[in-house]
Amino acid sequence: MNWQQVEPLLYKGQDVAIMVHERPDGDALGSALGLAIVLHTLGMSPRVLRVSPIDETFTFLPGQSFVEVVPRGELELPKNGAVMVLDCGDQERCEYFLGNKRPLVNADHHVTNPGFGIINWVDPGAAATAELLSRLFYEDGITIPPEAATCFYLALLTDTGWFHYPNVTWKTMAAASHLIRQGADLQLIRSRFGENHPVKELRMMKEVMNRFRFILNDQVILCSLPCEVMTKQDILTSETDRVFDVLKGTQGVEAAVLLKEVEPNLIKISMRTKQVLNASEIAGLLGGGGHVRAAGATFAGSLEAAETRIIEILSSRLATPESGAAGTQAP
Ligand code: 5GP
Ligand code: MN
């Protein structure tokens with residue numbers, strides 16, 4: 001896994017289309033913007049393609065000038081252009097449909113990634129896609145400009161819960177250390193991100209706190225948010241990391257599950273687990289995927305049907321932990 005693999009396939013001024021997964025998070029956007037800045041300094045013409053404008057939460061990040069909003073059906077890639085797909089556990093998660101075109105680079109850290117690129121920089125041991133990219137550039141002596149370091153650092157922070165989740169390794173901290181040395185602007189991140197959460201996030205937390213319930217011998221916290229609540233409170237797109245930290249951080253709780261009815265009969269399932277349950281495997285049973293400790297799926301049906309199904313799966317996994325347990329496997 002190194003930069004030399006792609007270098008001969010790129011040339012000065014080349015159009016490089018960088019794509020991420022739907023509803024991109026801090027790692028997807030931080031990795032994409034950071035990569036665009038690095039590619040630009042190397043002489044390429046990178047574009048971070050998005051089907052809709054990037055969430056306001058992330059507009060403070062450097063590299064916004066590389067963002068181009070292109071609706072899904074209107075994507076036209078130049079014949080000699082290169083495509084790089086970041087942070088997508090599988091090709092279907094990519095915001096754009098690539099058909100049988102293999103992206104030049106598939107950079108990711110999901111265990112479920114099948115390696116759909118021509119070059120696959122996939123390391124499930126990396127806490128974030130940005131960790132993998134930072135390491136790769138560092139090891140190959142490619143300078144990460146301060147603006148890119150800020151983007152990558154933000155990506156590390158969000159995918160590790162401020163370096164708190166079990167996916168953190170010494171390599172994560174080595175990458176973070178390198179990024180700080182390269183000039184990552186931690187003060188900017190603190191003021192514009194860490195201590196600048198949207199008000200609607202607090203409204204979402206309030207709804208969750210009012211609605212959650214303990215199930216399965218108090219080992220699981222389940223919370224269902226009906227469509228009308230999501231819409232009325234304008235919390236459809238709210239970040240859930242902090243509320244998950246609170247739920248999961250509770251004594252005796254092994255898993256926290258949020259069921260968000262994003263539209264009638266369409267449920268976005270989000271799950272976080274602590275020590276035993278393999279969230280990725282459970283989400284896989286529902287047609288989704290993700291990481292060992294954080295995974296999700298989309299369920300077609302009512303909130304009640306989604307609740308019944310998830311409780312059924314969780315209860316079978318908790319009854320026979322060995323069938324779904326991740327043991328000491330790294331996240
Ligand atoms: P979240 O709960 O924050 O939406 O997602 C947590 C993780 O689960 C994400 O990093 C992503 O890898 C995975 N994930 C969430 N939703 C889906 C889904 O619908 N399909 C797949 N394959 N993975 C998902
Ligand atoms: Mn990620």
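**Exercise 1.** In this predicted model, find which of the residues around ligand 1 come nearest, and then look at the polar contacts of ligand 1.

*Solution.* Start with the neighbours: 15 residues surround ligand 1, and H110, K268, S270, R272 and A295 come nearest. Next, look for N or O pairs within 3.5 Å. The side chain of H110 places an N or O atom 2.8 Å from an oxygen atom of ligand 1. The backbone takes part too: an N or O atom of G289 is 3.2 Å from a nitrogen atom of ligand 1, and one of G296 is 3.2 Å from an oxygen atom of ligand 1. Finally, check the cover: on its own ligand 1 has 500 Å² of accessible area, of which the protein covers 82%.

**Exercise 2.** Work out which strands supply the shell around ligand 1, and why ligand 1 lies between two domains.

*Solution.* Begin with the strands: at least two shell residues come from each of β10 (266-273), β11 (289-290) and β12 (294-300). With five residues, β12 gives the most. Sorted by class, the shell holds eight polar, four charged and three nonpolar residues. Now bring in the domains: domain 1 (3-194) and domain 2 (200-329) both contribute to this shell, so ligand 1 lies between them.

**Exercise 3.** Identify which residues coordinate the manganese ion (ligand 2), and trace where D27 and D87 lie.

*Solution.* The donors are D27 (OD), D87 (OD), H109 (NE2) and D159 (OD), at 2.2 to 2.3 Å. Their sequence spacing reads D-x59-D-x21-H-x49-D. D27 sits in helix α1 (residues 26-41) and D87 in the loop between β4 (82-86) and β5 (105-108), so the pair ties together parts 60 residues apart in sequence. To finish, check exposure: D27 and D87 are both buried.

Conventions
Residues numbered from 1 in each chain as written. Chains lettered and ligands numbered in written order. Predicted model: local features only at pLDDT ≥ 70, side-chain atom pairs only at ≥ 80, totals over all residues. Heavy atoms only, no water. Near = heavy atom within 4 Å. Polar contact = N/O pair within 3.5 Å; in protein donor to acceptor, adjacent residues only side chain to side chain. Areas by Shrake-Rupley, 256 points an atom, 1.4 Å probe, with all protein chains shown as cover. Helix = DSSP H or I, 4+ residues; strand = E, 2+ residues; numbered from the N terminus. Nonpolar A, V, L, I, M, F, W, Y, C, P; charged D, E, K, R; others polar. Domains from an automatic or database assignment. Donors = N, O, S within 2.8 Å, 3.2 Å for Na, K, Ca; no water. Buried < 20%, exposed > 50% of the residue type's maximum accessible area, 1.4 Å probe, protein only.
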